[in-house]
Amino acid sequence: GGGSAGRSFRSSRGPSAFQQSQRAPTPEPTVVEKELPLTLEELMRGTTKKVTVKSKTFDTSGKRTVQDVTLEANIKPGLRTGSKIKYRGVGDQEEGGRQDVHLIVTEKEHPNFKRQGDNLITTVEISLKEALTGWDRIVRTIDGKSIRVAKPGPTQPGYEEKFPGQGMTISKKPSERGDLIVHVNVRFPASLTASQKDILKDVLP
């Protein structure tokens, strides 16, 4: 019966070892999340940002003190919104140690561009007359280049033109960039006079 004794010994060990691990463990330090707002230009080129966080710790006498901790965030070109940059043990002191701080990348609103993945979208507004007879515009890219966008004939609503390699840096392939997409918005007149309507009826197919 040595084997069965060994088995019962093992099975009696199991629960007690399990109970020990159930005793209140030291809590894991919590995570503090802080937004890091960046411009599209900063996200395209990459940048280094210094962020100061307040950290509450205890001095040797057990008194709570507050100190400023400066975190350096290395932003790689093409980083996306929601990306986290993590720092261990730099926040407030708690029972289980000091808190971790996560900086979460957010995009500041841009006056000219909207980001869609690795592409950038910009909008050009043209009049109905231009939509029918032709138009010509200069569009600036995010890094300041001038691009000519033009269409000689009728432009359908929802028309867009794509310029490869003029969008955001692709984070996994930093030597490559997404597209710049130019959306064309046709501005219709708010009202027409009777004579304008008659002329249009005559000339439009």
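Is aspartate 118 buried or exposed? Aspartate 118 is buried, with a relative accessible area of 18%, which places this residue under the 20% limit for that class. The model shown here is predicted, and the tour begins at this residue.

**First stop: aspartate 118 and arginine 80.** Select both residues and display their side chains. Arginine 80 forms a salt bridge with aspartate 118, and the closest N and O atoms are 3.2 Å apart. Arginine 80 belongs to the loop between β3 (64-75) and β4 (84-87), and aspartate 118 to the loop between β8 and β9 (119-127), so the pair ties together parts that are 38 residues apart in sequence. In contrast to its buried partner, arginine 80 counts as partly exposed, at 39% relative accessibility.

**Second stop: strand β8.** Select residues 114-116, which make up strand β8 and include lysine 114. Lysine 114 is exposed, its relative accessible area being 56%. Beyond its neighbours within four places in sequence, lysine 114 is in contact with Asn119, Leu120 and Ile121. Next, add isoleucine 181 to the selection: 67 residues separate it from lysine 114 in sequence, while the C-alpha to C-alpha distance is 9.8 Å.

Move on to arginine 115. This residue is buried, with a relative accessible area of 16%. Its side chain takes part in a salt bridge with glutamate 107, in which the closest N and O atoms lie 3.2 Å apart. Glutamate 107 is partly exposed, at 30% relative accessible area.

**Third stop: further salt bridges.** The structure holds 13 salt bridges. Another of them joins the side chains of arginine 137 and glutamate 130, at 3.0 Å from N to O. Both partners are partly exposed: arginine 137 has a relative accessible area of 24%, and glutamate 130 has one of 22%. Then select Asp143, Lys145 and Arg177, which are joined into one network by salt bridges that share partners.

**Last stop: the largest pocket.** Select Leu128, Lys129, Leu132, Thr133, Pro189, Leu192, Gln196, Ile199, Leu200 and Leu204, the residues that line the largest pocket. The space within this pocket is about 220 Å³. Which helix gives the most to the lining? It is α3, with 4 residues. Colour α3 (128-133) and α4 (194-203) separately, as each supplies at least two residues of the lining. By class, the lining comprises 7 nonpolar, 2 polar and 1 charged residues.

Key: Residues are numbered from 1 along each chain as its sequence is written. This is a predicted model: local features need pLDDT of at least 70, side-chain atom pairs count only at pLDDT 80 or more; totals for chains, interfaces and linings use all residues. Side-chain values use heavy atoms; hydrogens and water are left out. On a 1 Å grid over the protein atoms alone, a cavity is a set of points where a 1.4 Å probe fits but cannot get out, and a pocket is an open set with protein on both sides within 12 Å along at least five of seven lines; lining residues have an atom within 4 Å of a point. Grid points are joined across faces, edges and corners, and a volume is the space filled by probe spheres set on the points. Ala, Val, Leu, Ile, Met, Phe, Trp, Tyr, Cys and Pro count as nonpolar, Asp, Glu, Lys and Arg as charged, and the others, Gly among them, as polar. Buried means under 20% relative accessible area, exposed over 50%, partly exposed in between (1.4 Å probe, protein chains only). Contact means heavy atoms within 4.5 Å. A salt bridge is a side-chain nitrogen of Lys or Arg within 4 Å of a carboxyl oxygen of Asp or Glu.
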